[in-house]
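Good morning, and thank you for coming. Please look at the sequence and the structure on the screen before I go through the details.

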Amino acid sequence: MALSLLQHIQQTQGIALHRAVQEMGLSAAQATALLDWTVPLVLAHLVDLNQRHGTTLVLALINTQAIDGIWQTLDQTKWLNQLQKHLPADTLVLEVASHHLATVILAEIFALVDAASLGEEGLSELLEGQPEHLRGQAPDWVWQQSGLISLCGQAAVEPASDTSLDLAAGIASLNQLV
C-alpha cells in the first residue's frame, strides 16, 4: 500500500496551511473548505498527468516546483468559478490562496521524493496508489476539474444538518438489543 500523500500533507502542513489561508482573509470554515478541495485537486491532477503523460512530466513539475505548470494543465479560471459557486469569497483571495496551497503541496512532494530518493519509478508507483487514498475525500466537481474522473461517484457524503443523537433513544435501543 502506497503512502497517502493527502494524509501526509494534512499531517505535516495542515495547520500551517489553514492559518495561512485564514490570514489571506477567509474565515475558518472557508479555509477548511478550500483546503478540503484544493489539496485533493492538486494531488488528483498529478495522478491524472502521470496516467496521461507519464512520470517524466510530473517529476519535472515537482523538481522545478513549477506551479505555473499545474495551472497551465488545469483550467484555473474554471477552478475559480467552481470555488465561487461553493465558497462565496473574493475571487482574488481564492486565487492567491489556491496558488499558495498548490505551491506548498508541490514543495512538500518534492521534499518527500528527494528525501526518499524515489526517482521516476518510485514516484510513478507512489502516484499510482493515490486514487485509493483520495476516494471519498472531495465532491465530484473536484475530481472532474482534476481530470481524475474515475473518482466521480465516490465523493464524500455531506452530513445531514440534523445528525444529533438522542441519548435516551440510543440507550433504549441498546437495552432492546440486550
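I shall speak about confidence, then about several helices, and finally about a group of aromatic rings.

This is a predicted model, in which local features need a pLDDT of at least 70 and side-chain atom pairs count only at pLDDT 80 or more, while totals for chains, interfaces and linings use all residues. Residues are numbered from 1 along each chain as its sequence is written, and side-chain values use heavy atoms, with hydrogens and water left out.

Let me begin with confidence. The pLDDT, which is the predictor's confidence in each residue on a scale from 0 to 100, averages 88 over the chain, and 88% of the residues score at least 70. Over residues 157-165, however, the pLDDT is below 50, and this stretch has 0 contacts in the model beyond near neighbours in sequence. Contact here means heavy atoms within 4.5 Å.

I turn to the helices. Helices are DSSP runs of H or I with at least four residues, numbered from the N terminus. Helix α1 covers residues 5-23 and has a kink of about 65 degrees centred on Q13. That bend is the angle between axes fitted to the seven residues ending at a residue and the seven starting there. The buried residues of α1 include L5, I9, L17 and V21; buried means under 20% relative accessible area, exposed over 50%, and partly exposed in between, with a 1.4 Å probe and protein chains only. Among the elements covering these buried residues are α2, α6, α7 and α8. Just after α1, G25 takes a positive phi of about 115 degrees.

Helix α6 contains I109, which counts as buried because its relative accessibility is 2%. Leaving aside neighbours within four places in sequence, I109 is in contact with L5, I9, L43, L46 and I62. I109 and L43 are 66 residues apart along the chain, and their C-alpha atoms are separated by 9.6 Å.

In helix α2 we find H45, buried at 1% relative accessibility. The H45 side chain reaches the backbone oxygen of S146 at 2.9 Å, a polar contact, that is, a pair of N or O atoms within 3.5 Å where, within protein, one must be able to donate a hydrogen and the other to accept it, and residues adjacent in sequence count only if both atoms are side-chain atoms.

Which residues of helix α5 are buried? They are Q76, W79, L80, Q82 and L83. Seen down the axis of α5, these buried residues fall within an arc of 160 degrees, so they line one face of the helix; the arc is that of the directions from the helix axis to the C-beta atoms. The face turned away from that buried side carries the exposed residues T77 and K85. The buried residues of α5 pack against α2, α4, α6 and α9. At the N-terminal end of α5, D75 acts as a cap, with a side-chain oxygen 3.2 Å from the backbone nitrogen of T77.

Finally, the aromatic rings. The whole structure holds 2 aromatic pairs. W37 and W141 form an edge-to-face pair, 5.0 Å centre to centre with 70 degrees between the planes. W37 lies in helix α2 and W141 in helix α9, so this pair ties together parts that are 104 residues apart in sequence. W79 and W141 form a tilted pair, at 5.6 Å and 35 degrees. Rings of Phe, Tyr and Trp (its six-membered ring) pair if their centres lie within 6.5 Å; planes under 30 degrees apart count as stacked, over 60 as edge-to-face and the rest as tilted. Ring pairs thus link W37, W79 and W141 into a cluster.

Note on methods. Helices (H or I, at least four residues) and strands (E, at least two) are DSSP runs, numbered from the N terminus.
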